[in-house]
Amino acid sequence: MGMSVTISAATDDDAEQILKLQYLCYQSEAEIYGDYGIEPLTQTLAALRAELGEGCVLVARLGEEVVGSVRGTVDADGTARISRLCVHPRMRRHGLGGRLLARIEERLRAERAAKRYRLLTGHRSEANLRLYRRSGYAAVGTSVDRAPGGRGVTLVTMEKDAGAHAFAASA
């Protein structure tokens, strides 16, 4: 008997599972860049709980297990910043990342009046770049990550207008 993956708003009770999932998922990013000190791997539970209270955080569940997550906030000018999209490695390549991305976009537009979406990804993160392009995002610039302890990773800034219709990943 199979189970369906459901997507819903995260609660404070999900914080530990989200943090563990984030740690697992960002290992591959750390390996690509040779930097295991990236912020997703060093974030504290307290910092994650603060994000849960401030922004829009969604989780994908398979039964009781959190197998995906994404976060978003909207600035005063209507720019939604989407971050920390992650899917459990065993659940990848089934459209779940695209579903999470589409759902957070919908929520940010409907509940927080987002006018455009912006996200960042590393320049070597080919799977991420493919997903974002397929979802209607276009690269609008690059920058070098100068965060404390960072090693100067080149980040690609991608954007999409909130009114843009993109390929919807199948369920």
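The following legends describe an overall view and several close-up views of a predicted model of a single chain.

**Figure 1. Overall fold of the predicted chain, with five helices and seven strands.** From the N terminus onward, the elements follow one another in the pattern β-α-α-α-β-β-β-α-β-α-β-β. The radius of gyration is 15 Å, close to the 16 Å that the globule rule gives for 171 residues, so the chain is as compact as a globular protein of that length. Along the principal axes, the C-alpha atoms fill a box of roughly 45 × 35 × 30 Å. Of the contacts with a separation of 6 or more, 64% join residues that are 24 or more positions apart.

**Figure 2. Surface and charge of the chain.** Of the 171 residues, 42% count as buried. The accessible surface amounts to about 9,200 Å², and carbon and sulfur atoms contribute 51% of this area. The side chains include 24 positive and 21 negative groups. The centres of these two sets are 5 Å apart.

**Figure 3. Close-up of Cys 25 and Cys 86, two cysteines without a disulfide.** The cysteine sulfur closest to that of Cys 25 belongs to Cys 86, and the distance of 4.4 Å is too far for a bond. A disulfide would require the two sulfur atoms to lie within 2.5 Å, and by this rule the chain has zero disulfides. Cys 86 is accordingly in no disulfide, its nearest cysteine sulfur being that of Cys 25. Cys 25 is buried, at 5% relative accessibility. Cys 86 is likewise buried, with a relative accessible area of 5%.

**Figure 4. Close-up of Gly 34 in the loop between α1 and α2.** The helices flanking this loop are α1, residues 15-33, and α2, residues 39-42. Gly 34 counts as partly exposed, with a relative accessibility of 48%. Gln 17 is 17 residues away from Gly 34 in sequence, and the C-alpha atoms of the two residues are 25 Å apart in space.

**Figure 5. Close-up of Arg 84 in strand β4.** Strand β4 spans residues 79-87. The phi angle of Arg 84 is near 55°, a positive value in a residue other than glycine. For context, most residues other than glycine have a negative phi. Arg 84 is buried, as its relative accessible area is 15%, and the cut-off for this class is under 20%.

**Figure 6. Close-up of Ala 113 in the loop between α4 and β5.** This loop lies between helix α4, residues 96-112, and strand β5, residues 116-122. Ala 113 has a phi near 55°, which is a positive value in a residue other than glycine. Ala 113 counts as exposed, at 52% relative accessibility, with the exposed class beginning over 50%.

**Figure 7. Close-up of Ser 125 and its contacts with Glu 29 and Tyr 33.** Ser 125 is placed in the loop between β5 and α5, the latter comprising residues 126-134. The relative accessible area of Ser 125 is 2%, so this residue is buried. When neighbours within four places in sequence are left aside, Ser 125 is in contact with Glu 29 and Tyr 33. Val 156 is 31 residues from Ser 125 along the chain, and their C-alpha atoms are separated by 9.6 Å.

Methods. Residues numbered from 1 in each chain as written. Predicted model: local features only at pLDDT ≥ 70, side-chain atom pairs only at ≥ 80, totals over all residues. Heavy atoms only, no water. Helix = DSSP H or I, 4+ residues; strand = E, 2+ residues; numbered from the N terminus. Rg over C-alpha atoms; globule rule 2.2 N^0.38 Å. Buried < 20%, exposed > 50% of the residue type's maximum accessible area, 1.4 Å probe, protein only. Contact = heavy atoms within 4.5 Å. Areas by Shrake-Rupley, 256 points an atom, 1.4 Å probe, with all protein chains shown as cover. Lys, Arg positive; Asp, Glu negative; His and termini not counted. Charge placed at Lys NZ, Arg CZ, Asp CG, Glu CD.
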